[in-house]
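Here are a few exercises to work through with the structure open beside you. Try each one before you read its solution.

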Amino acid sequence: MTESMIHAGMQTGQVPDAMGRFGPYGGRYVPETLVAALDQLETEYRSAVEDSLFRATLDELLRDFVGRPSPLYHAKRLSQHGGGAQIWLKREDLNHTGAHKINNTLGQALLTLRMGKSRVIAETGAGQHGVATATACAHFGLSCVVYMGEEDVRRQAPNVFNMKLMGAEVRPVTTGSRTLRDAINEAMRDWMSSVESTHYILGSVVGPHPFPMIVRDFQAVIGREARQQCLARLGRLPDAVVACVGGGSNAAGMFSAFIADGQVELVGVEAGGRSQQPGDHSASLSYGSPGVLHGSFSYVMQDEDGQTGQVHSLSAGLDYPGVGPEHSFWKDAGRVQYQPCSDAAALEAFDLVARSEGILSALETAHALAHAIQLAASRPKDQIILVCLSGRGDKDAAEIARLRQAAT
Amino acid sequence: MPFITAGDPDLDFTADVLKQLDACGCPLCELGIPYSDPIADGPVIQASYTRALERKTHLADIFEMTRRIAPTLAMPIVSMVSYAIVFRRGIASFVAEARAAGIAGAIVPDLPVEEAGPMAQICKQEDFGLIQLVAPTTPRERAIRIARSSTGFLYYVSVAGITGERTRLPADLAENVAWLRSRTSLPICIGFGISQPEHVRQLAPVADGLIVGSAIVRRIARADQEPRDRVLADVTDYVRGLLDALKS
Ligand SMILES: Cc1ncc(COP(=O)(O)O)c(C=O)c1O
């Protein structure tokens with residue numbers, strides 16, 4: 001591979017601007033205490049991406065430690081099942097630690113070292129970002145604390161064990177809804193007190209500037225590889241690209257390479273949960289409104305006073321009331337369509353992909369798969385639908401068994 | 001200068017506490033508008049926000065309460081409010097409603113100076129204070145820029161961290177505030193961590209005001225279980241103790 005994996009990520013466009021704005025979205029709504037650290041992070045990041053040694057180090061890690069490039073796989077039996085368009089999967093589930101999250105954590109861990117910090121904190125929902133952070137920290141000898149909502153500690157128990165095995169401390173969060181949103185609150189509070197020695201490795205394209213930019217750029221390797229693989233294998237670009245959206249990092253990484261290809265349809269799939277009622281889903285782009293959460297201006301589920309709303313998803317990684325500001329920008333611009341997918345449809349897709357392809361996908365990813373299966377069925381056979389298979393489902397097996405038991 | 005949470009345990013009691021704090025001679029009171037995701041707050045204030053929100057304390061109800069109470073008080077009330085709430089209301093509406101409700105200004109802890117432009121402009125037109133914060137992590141040139149855009153007073157955050165009582169405050173706190181004082185004519189008030197008469201004695205010489213939050217909120221929290229007049233008496237004793245330390 002001659003082209004660096006990170007450098008091209010910087011080409012993903014003119015956004016954000018110097019204030020961290022994607023159109024009106026983004027920005028930096030944080031306590032003054034954190035501003036200096038965010039400035040430091042931005043400066044360090046901008047110098048890192050210009051540094052050929054930094055890029056070479058990250059590229060080597062992504063190749064030898066993560067196993068990149070991840071394959072592009074033609075899901076033939078799944079495609080035949082629908083009888084329509086071809087479904088191709090970008091296999092981020094085959095990365096080391098089983099999801100796209102590692103692309104970001106290795107990059108940010110390298111930034112941590114550049115900043116001379118020795119301690120890392122992170123939040124996690126599904127536990128995949130926690131595991132990927134614990135992995136990066138073990139790799140570099142950094143100390144690591146992961147905040148995780150108590151409800152997620154329960155439903156994603158295998159990942160909790162894995163984090164601990166790699167030397168991370170997992171702190172269960174018992175405030176609020178005990179899910180991802182509360183874990184981010186706790187991580188931010190830790191950072192308020194520890195900011196001089198600690199870097200906060202945020203796991204998605206959310207939070208204050210520069211996080212949405214940095215995480216997107218580190219994840220942009222997904223889309224860049226997939227685009228090249230499509231051109232090499234199929235001789236053309238896909239007709240549609242589908243990815244699930246929690247905070248939106250795998251989707252942002254995938255979409256960023258295709259944004260300029262106006263003919264490629266881009267679809268982000270949110271957690272539609274149990275129903276369209278507030279509190280029953282976590283589809284902030286589909287049902288929410290612009291507001292401020294976790295340091296950023298973006299679509300959010302909120303009440304009339306601006307209090308963050310309750311959300312639900314059976315997948316811990318999508319169970320979040322906000323979304324990355326760049327997605328809000330893409331939504332308003334009409335460049336990306338955002339669709340909700342119900343809990344039930346995601347479970348059904350999980351089963352179908354397991355049985356027809358021999359792939360256990362993460363429950364988060366199953367939302368994207370459900371939409372892609374539906375879309376493919378309505379399109380002719382010569383069309384190509386590319387799905388970001390963001391992670392594998394080992395972590396979910398026990399929870400799925402429990403849900404099935406409860407349903408019978 | 002006390003900080004209390006609006007609506008904990010209910011707005012009637014908040015009104016009683018405000019009257020009492022005024023009677024004690026507090027020069028100003030910060031009124032915390034409960035918010036669902038306060039990342040700058042420690043467990044005590046977080047819990048008070050959660051209680052207030054569980055009781056469905058809405059912004060309109062808080063304004064309704066202050067509209068009744070503020071004219072009877074000698075001390076001004078300043079709101080402590082997340083930008084999430086201000087934005088949702090619309091900046092202009094928030095400022096107009098707050099002002100009509102007898103509130104003198106706002107501290108918006110998640111609105112750093114770069115983002116404060118639109119709100120600062122409206123506050124200026126409406127003669128509504130927008131109090132900005134300087135933290136121990138703020139570089140000095142930046143602190144000067146913040147001081148220039150703050151109105152009413154400047155809030156100096158004593159510790160890098162979240163709100164909550166501390167036994168010890170940073171050794172260089174007085175020195176840092178003294179430096180800032182040499183660069184601005186605005187009054188400087190110090191907050192975060194202050195809870196003991198000893199802190200008050202130590203910081204009084206360098207500050208124009210000292211903000212005490214968690215130590216009072218923790219006492220008010222007991223109004224859920226204990227007779228309210230006893231809680232009120234306890235808060236009064238505690239605040240009088242601090243005010244005495246200020247004079248000594
Ligand atoms: C496999 C997988 N996909 C998707 C997500 C959602 O995050 P994002 O939207 O940032 O990609 C998660 C989050 O935990 C995940 O583990």
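**Exercise 1.** Locate A:R178 in this predicted model and work out what its phi angle looks like.

*Solution.* Start with the place: A:R178 is in the loop of chain A that runs between β7 (169–173) and α8 (180–194). Next, check the backbone: phi of A:R178 is near 60°, so we have a positive value in a residue other than glycine. Is that the usual sign? Most residues other than glycine have a negative phi.

**Exercise 2.** Find a cis peptide bond in chain A and another in chain B.

*Solution.* In chain A, look at A:H209 and A:P210: the bond joining them is cis, with omega about 10°. A:P210 belongs to the loop between β8 (198–200) and α9 (211–234) of chain A. Now move to chain B, where the bond from B:D8 to B:P9 is cis and omega is near -5°. B:P9 is in the loop between β1 (3–5) and α1 (11–24) of chain B. For background, most peptide bonds are trans.

**Exercise 3.** Describe where the ligand sits and what touches its oxygen atoms.

*Solution.* First, the site: the ligand sits in the largest cavity. In chain A, α10 (249–256) and α14 (363–377) are the elements that give two or more residues to the shell around the ligand. Then go through the contacts:

- A side-chain N or O atom of A:S204 is 2.6 Å from a ligand oxygen.
- A polar backbone atom of A:G248 is 2.7 Å from a ligand oxygen.
- A side-chain N or O atom of A:H100 is 3.0 Å from a ligand oxygen.

Finally, the cover: alone, the ligand exposes 390 Å², and the protein buries 98% of that.

Conventions: Residues numbered from 1 in each chain as written. Chains lettered and ligands numbered in written order. Predicted model: local features only at pLDDT ≥ 70, side-chain atom pairs only at ≥ 80, totals over all residues. Heavy atoms only, no water. Polar contact = N/O pair within 3.5 Å; in protein donor to acceptor, adjacent residues only side chain to side chain. Areas by Shrake-Rupley, 256 points an atom, 1.4 Å probe, with all protein chains shown as cover. 1 Å grid on protein atoms, 1.4 Å probe; cavity = no way out; pocket = protein on both sides within 12 Å on 5 of 7 lines; lining within 4 Å. Sits in = over half its atoms within 2 Å of the grid points. Helix = DSSP H or I, 4+ residues; strand = E, 2+ residues; numbered from the N terminus.
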